[in-house]
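Let's take a walk through a protein fold, one piece at a time. Keep the 3D view open as you read.

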Amino acid sequence: MSKQLFLFSSKVRLLCIGVIALTMFQRSYAIRKYCTTKLGLRLYDGRGKEKIPVRAVDNLRPFLSFYTCGPTVYDSAHIGHASCYVRLDIIQRILRHHFRLPLVTAMNVTDIDDKIIIRANERNVSWEELARHYEVEFWRDLNRLNVKMPDVKLRVTEHIPAIALFVQTLVDKGFAYGTSDGSIYFETSQYERYGKLQKVIIDQPSATTGEKRHPSDFALWKASKPGEPFWTTNFGNGRPGWHIECSTMASHIFGNRVDFHAGGLDLRFPHHENEETQSCCYHDVPDWVVHWIHTGQLHLEGQTHKMSKSLQNTVSIAELLEQYNADEFRMLCLLSHYRSVIEFGPESMTTARNVLRKFESFFSDSKAYIDGLKPVSFNASSASLLEKMVETQSTIQRVLENDFNTASSIQALSDLVSSVRKAINDPERQDNPNSSPLIGASNVGAVLAATEYVRGQLLTYGLQSMDSSHHLQSKGAQTDNSLERVIEALVTTRSEIRQQAINTKDKQLFRVCDQLRECLMKSSSVEVKDHGKTSSWTFRKV
């Protein structure tokens, strides 16, 4: 590709990003004003080992850039990868929906690498075929995990001319040098601030002629080897080094400042350190990335090391979703801080599942109360419940501002749910079938407000099963009205049998009712709940 054609394609790409940004700007002046004057969000900064305020949008650029290091597509993604991308998806959703920040997101796919070449040779397929296969699988896995797709997807092989120009610029500026085999290395000793993200000791120069000058120097361009794919440049045939790829692609989209740059903790060094170093030198800026976001690793229960293909302790995303659903795994991520280790196993997943079921049960109870099916009095004033909701909102605002403390926000929502359920469930009145409903309109309004607040907050985190219509949608054929009518008839008939059992105290009839309820749950995932003289039902994903 000629330099002129490359520059033209760059302008087209930047024009597309500009359109996205302009659209956000036109519809979000009020949001910009909110962000620049009231944003209290603080994020952990690995350079100073402290939490610092988030720099919001400004008048020069009405959006915030968010770049995520994507996968090297030589094999199936595992749940260690999933935990990183789900956590980052949660963070992006919070930034967008809770703090109302206009994000433009990008993620790369490394589709040329030593691992890809080796795996392709092992399977006797082309490296392009192998990379495309696992790239398609990766995006499909993210979609199944309900991870929102990035605004811009980037492939390394589609940015070779830009990478070559980036490398040449670093050579021209005196930050890089060539070796005898035609490779090009960045000379770390030429950058005084090398080691921003992790302290690094620059060793003495190597005495070996034609090799790296310092052990810490890293490859910008790898000279071609016989039988391997290569691209032709002014400085020789070869392919990019790992770190230069992300620097080039992120710079190609976002320029000399990236507001958020994210990835797993294992990428902090050397990948992100080297990205920051070469990008600062290329752009002549003191700092290229404003906020680095590193997610903690995932360990299997009972192990102390991260999940890794080399350790043969991986669980693929496909295997995960055979046993658990996407929301259960997302709840596992929410119940820990994004920078902490996640313990994955039966115990932790059972905890996540139980937390989800508590919220699902709450929505069922709340709907029954609002629909007038619960023959109970309201054991709290509307004012006290609304006061509890305001307190919860304040707590969630505070903990999310404190470096995205989602675990504390889930706890606050759980406490609110417990308060509402306590108010609408009176065991003594539940046991009395002759009690009459004493539901006031103001009480119903308070319960409805609290319910929708909890639901909205959980949906903000990407828990799609919290949507009131999700269960019906997820059942496909079960959304058919005729099936709903059959279930409604069964539940109504069961309620009549149960009322007869209550009147006659017939234990056999009670057993029949229990058997019908269990049968509906096992066969069709229909959960039946009794409320005095009446019953309600809902689809439940198990």
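## Starting with strands

Two strands count as paired if DSSP finds at least two bridges between them, and strands themselves are DSSP runs of at least two residues, numbered from the N terminus. With that in hand, look at His261, which stands opposite Trp292 in β12. Keep in mind that this is a predicted model.

Where does the pairing around these residues come from? Strand β11, residues 258-264, pairs with β12 in the parallel sense, over six bridges. As a general point, strands of a sheet pair through backbone hydrogen bonds, either parallel or antiparallel.

## The parallel sheet

Zoom out and you'll find that β11 and β12 belong to an open sheet of five strands, ordered β5-β4-β3-β11-β12, with parallel pairing. At its edges sit β5 (152-155) and β12 (289-295), each pairing on one side only. On average, neighbouring strands here are turned by 20° against each other, if you ignore direction.

A helix joins the picture too. Helix α7 (residues 242-254) packs on this sheet and touches β3 (64-68), β4 (103-109), β5 and β11. The direction of α7 makes about 155° with that of β3.

## The antiparallel sheet

Now for another sheet. Five strands in the order β6-β7-β8-β10-β9 form an open sheet, this one with antiparallel pairing. The edge strands are β6 (176-178) and β9 (231-233), and each of them pairs on one side only. From one strand to the next, the twist averages 35°.

Inside this sheet, strand β8 (residues 218-223) and β10 run antiparallel, joined by three bridges. Trp221 has Pro240 in β10 as its bridge partner.

## A buried arginine

Stay with β10 (residues 236-240) for a moment, since that's where Arg239 has its place. Is Arg239 buried or exposed? Its relative accessible area is 5%, and the cut-off for buried is under 20%, so Arg239 is buried.

What does the Arg239 side chain meet in there? The side chains of Arg239 and Asp114 are joined by a polar contact of 2.2 Å. Leaving aside neighbours within four places in sequence, the residues in contact with Arg239 include Ile112, Asp113, Ile117, Trp221, Glu228 and Trp231.

## Cysteines without bridges

How many disulfides does a search of the whole structure find? The answer is zero. Take Cys69: the nearest cysteine sulfur, that of Cys246, is 3.8 Å away. A disulfide needs the two sulfur atoms within 2.5 Å, so Cys69 is in no disulfide. Cys69 counts as buried, at 4% relative accessibility.

Cys281 is in no disulfide either, with the nearest cysteine sulfur, that of Cys280, 6.8 Å away. At 3% relative accessibility, Cys281 also counts as buried.

## The nonpolar cores

In soluble globular proteins, nonpolar side chains tend to be buried together. In this model, the largest nonpolar core has 126 residues. Those with the most contacts inside this core are Tyr67, Phe329, Phe344, Phe359 and Val454. Helix α3 (residues 79-98) gives the most to the core, with 10 residues.

Pick out Phe344 to see some of its surroundings. Leaving aside neighbours within four places in sequence, Phe344 is in contact with residues including Ile79, Leu298, Leu320, Tyr324, Phe329 and Met349. Apart from the largest core lies another one, of six residues, among them Ile487, Val491, Val528 and Phe539.

Note on methods. Residues are numbered from 1 along each chain as its sequence is written. This is a predicted model: local features need pLDDT of at least 70, side-chain atom pairs count only at pLDDT 80 or more; totals for chains, interfaces and linings use all residues. Side-chain values use heavy atoms; hydrogens and water are left out. Helices (H or I, at least four residues) and strands (E, at least two) are DSSP runs, numbered from the N terminus. Axes are lines fitted to C-alpha atoms, for helices over the stretch in contact, and angles run from 0 to 180 degrees between N-to-C directions. Contact means heavy atoms within 4.5 Å. Buried means under 20% relative accessible area, exposed over 50%, partly exposed in between (1.4 Å probe, protein chains only). A polar contact is a pair of N or O atoms within 3.5 Å; within protein, one must be able to donate a hydrogen and the other to accept it, and residues adjacent in sequence count only if both atoms are side-chain atoms. A nonpolar core is a set of buried Ala, Val, Leu, Ile, Met, Phe, Trp, Tyr and Cys residues joined through side-chain atoms within 4.5 Å.
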